[in-house]
Amino acid sequence: MKKVLSFLLAFAMLLSLCAVASADGYSGEIKVWVAEAAVNFTLDQVEVFKAAHPEYANMTVNVQAVGEGDAASNMITDVEGGADLFGFAQDQLARLVAAGALEVVEENNAAVVEAENDAGSVAAVKMGGTMYAYPMTSDNGYFLYYDKSIVTDPSDLDAILADCVKAGKSFYMEINSGWYQTAFFFGAGCTLTYDSDADGNLVAMNCNYASEDGVKALKSMIKLAQSSAFVNGSSASNATNLGAIVDGTWDAKTVQDMLGENFAATKLPTVDGYQLGGFGGFKMLGVKPQIDEDKLAACDALAAFLTSGEVQLARYEALQWGPSNLEAQQNESVKANEALSALASQLAYTMPQGQYPGEYWSLATALGDDIIADKLDNATDDELLATLTTFQETAGTYIK
């Protein structure tokens, strides 16, 4: 028996040594999915990677144009036929994990990710404390654009509204949207999240809207809607007579063209003693589980490189995608981008958007519509609490 055990131990050690040795290189093919705008950039960076890692010089990297939304859906439908590396948005993480489409980030790489990226993006790539992807951007969220010739104090919502009223200007915010609406609820201290099981089914809801904090948030929204400056909306291209708007980086040029030298951007203001929060959005790069350990090592190495601070900065310069890497965020050209700087400040007060049932968005719209229609203007605190209790109970029924 001892001889058999000794043989098995020696054989196991030999296999281990072979695995280490074979992980030094890979000459097969890796398929990568990125957004169409990022294809040429990614191809160029692959060549930089190969030049720096001669052990992968003979590896073929096939970069294909598949957007973040389609990539996640395609991976979930057919993991085996999907890409080895693929970009996706943070709200798809739970579905991809449930589908077995994501390899856990290698331990050493995970430590680097944790140390070098902002807290929001690190939280976004984790589920249950486990890291499943590499942060690539911190550039999806909302903040405040404003006309600095009109708004004298962008840090306080009441002051902004007063300035807009005085100047006959409009303040835009889409409070009948489940995305923007969370700025008030999350900012006031509320939570609304859903948990998923291994199959991607929603199994639990975590919500405390029906609370004193929830009532505080609801009263702030009601007060906002009562202002003569308020206009429900979040699209700068549809805005007229703009004094300020809660919007995202995608509308930066539109607002700049509209406001000219009076263009300014900053984090969301405070209201009624609390800082407005909300959802934050992040792009990330996932690695598909591999049978071949050599290929997995190559995929991990390439994913770590494509999401490194060096490449994130290059991606910003080429595509204007906002980096999640802390050092890249401090680059002068990134800091000079007023919209990205405003978003970076706001992301400190947000939570990553996870998986939400489709019905949630309709429920949030209905609540916002009631506020806009002045249906809650004269409600007592007890009546507002009852409204939020119904909201919370309804949101809980979406768990299948």
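Ala, Val, Leu, Ile, Met, Phe, Trp, Tyr, Cys and Pro count here as nonpolar, Asp, Glu, Lys and Arg as charged, and the others, Gly among them, as polar. With that in hand, welcome to this structure, which is a predicted model. We will start with its empty spaces and then walk through its sheets, a helix and two single residues.

## Spaces inside and at the surface

Rolling a probe the size of a water molecule over the atoms shows where empty space is left. In this model, the count comes to one cavity of 30 Å³ or more. The largest cavity holds about 90 Å³ of space. Its lining is made up of Trp33, Val34, Ala35, Ala38, Thr42, Glu68, Gly87, Met136, Leu285, Leu306, Arg315 and Trp321. Sorted by class, that lining has eight nonpolar, two polar and two charged residues.

There are pockets to look at as well. The largest pocket has 23 lining residues, and those nearest its centre are Ala94, Lys126, Met127, Tyr194 and Gly354. Which elements each supply at least two residues of this lining? They are the helices α4 (93-98) and α6 (119-124), together with the strands β4 (126-127), β10 (192-196) and β19 (351-352).

The second largest pocket is lined by Asp139, Asn140, Thr249, Trp250, Ala252, Lys283, Gln320, Gly322, Asn337, Ala339 and Leu340. Three of these names, Lys283, Asn337 and Ala339, will come back below.

Here are the three spaces side by side.

| Space | Volume | Classes in the lining |
|---|---|---|
| Largest cavity | about 90 Å³ | eight nonpolar, two polar, two charged |
| Largest pocket | about 450 Å³ | twelve nonpolar, seven polar, four charged |
| Second largest pocket | about 190 Å³ | four nonpolar, five polar, two charged |

## A helix with a buried face

Helix α15 spans residues 338-347, and its buried residues are Ala339, Leu340, Ala342, Leu343, Gln346 and Leu347. Viewed down the axis of α15, these buried residues fall within an arc of 160 degrees, so they line one face of the helix.

At the start of α15, Asn337 brings a side-chain oxygen to within 3.2 Å of the backbone nitrogen of Ala339. Both Asn337 and Ala339 are also among the residues lining the second largest pocket.

## The sheet that holds β3 and β18

One open sheet has five strands in the order β2-β1-β3-β18-β6, with mixed pairing. At its edges stand β2 (60-65) and β6 (134-135), each with a single partner strand, so one side of each has no neighbour in the sheet.

Further in, strand β3 (residues 85-89) and strand β18 (residues 283-287) run antiparallel and are joined by five bridges. Across this pairing, Ala89 stands opposite Lys283 in β18. Lys283 is one of the residues lining the second largest pocket, while Gly87 and Leu285 are among those lining the largest cavity.

Val61 lies in the edge strand β2. Is Val61 buried or exposed? Val61 has a relative accessible area of 13%, and because buried means under 20%, Val61 is buried. Val61 and Ser27 are 34 residues apart in sequence, and their C-alpha atoms are 9.8 Å apart in space.

## The sheet built around β13

Another open sheet of five strands follows the order β12-β9-β13-β8-β14, and its pairing is mixed. Its edge strands are β12 (230-231) and β14 (263-266), each of which pairs on one side only.

How many residues of β13 are buried? Strand β13 (residues 242-247) is mostly covered, with six of its six residues buried. On one side, β13 pairs with strand β8 (residues 143-147) in the antiparallel sense over four bridges. On the other, strand β9 (residues 170-172) runs parallel to β13, with three bridges between them.

Ile245 in β13 takes part in both pairings: Ile245 is the bridge partner of Tyr145, and Tyr172 stands opposite Ile245.

Strand β8 continues the sheet towards its edge, where four bridges join β8 to β14 and the two run antiparallel. There, Asp147 stands opposite Phe263 in β14.

## A buried glutamine

Our last stop is Gln275, found in strand β16 (residues 274-275). Gln275 counts as buried at 15% relative accessibility. The side chain of Gln275 makes a polar contact of 2.7 Å with the side chain of Lys267.

Conventions: Residues are numbered from 1 along each chain as its sequence is written. This is a predicted model: local features need pLDDT of at least 70, side-chain atom pairs count only at pLDDT 80 or more; totals for chains, interfaces and linings use all residues. Side-chain values use heavy atoms; hydrogens and water are left out. On a 1 Å grid over the protein atoms alone, a cavity is a set of points where a 1.4 Å probe fits but cannot get out, and a pocket is an open set with protein on both sides within 12 Å along at least five of seven lines; lining residues have an atom within 4 Å of a point. Grid points are joined across faces, edges and corners, and a volume is the space filled by probe spheres set on the points. Buried means under 20% relative accessible area, exposed over 50%, partly exposed in between (1.4 Å probe, protein chains only). The arc is that of the directions from the helix axis to the C-beta atoms. A polar contact is a pair of N or O atoms within 3.5 Å; within protein, one must be able to donate a hydrogen and the other to accept it, and residues adjacent in sequence count only if both atoms are side-chain atoms. Two strands pair if DSSP finds at least two bridges between them.
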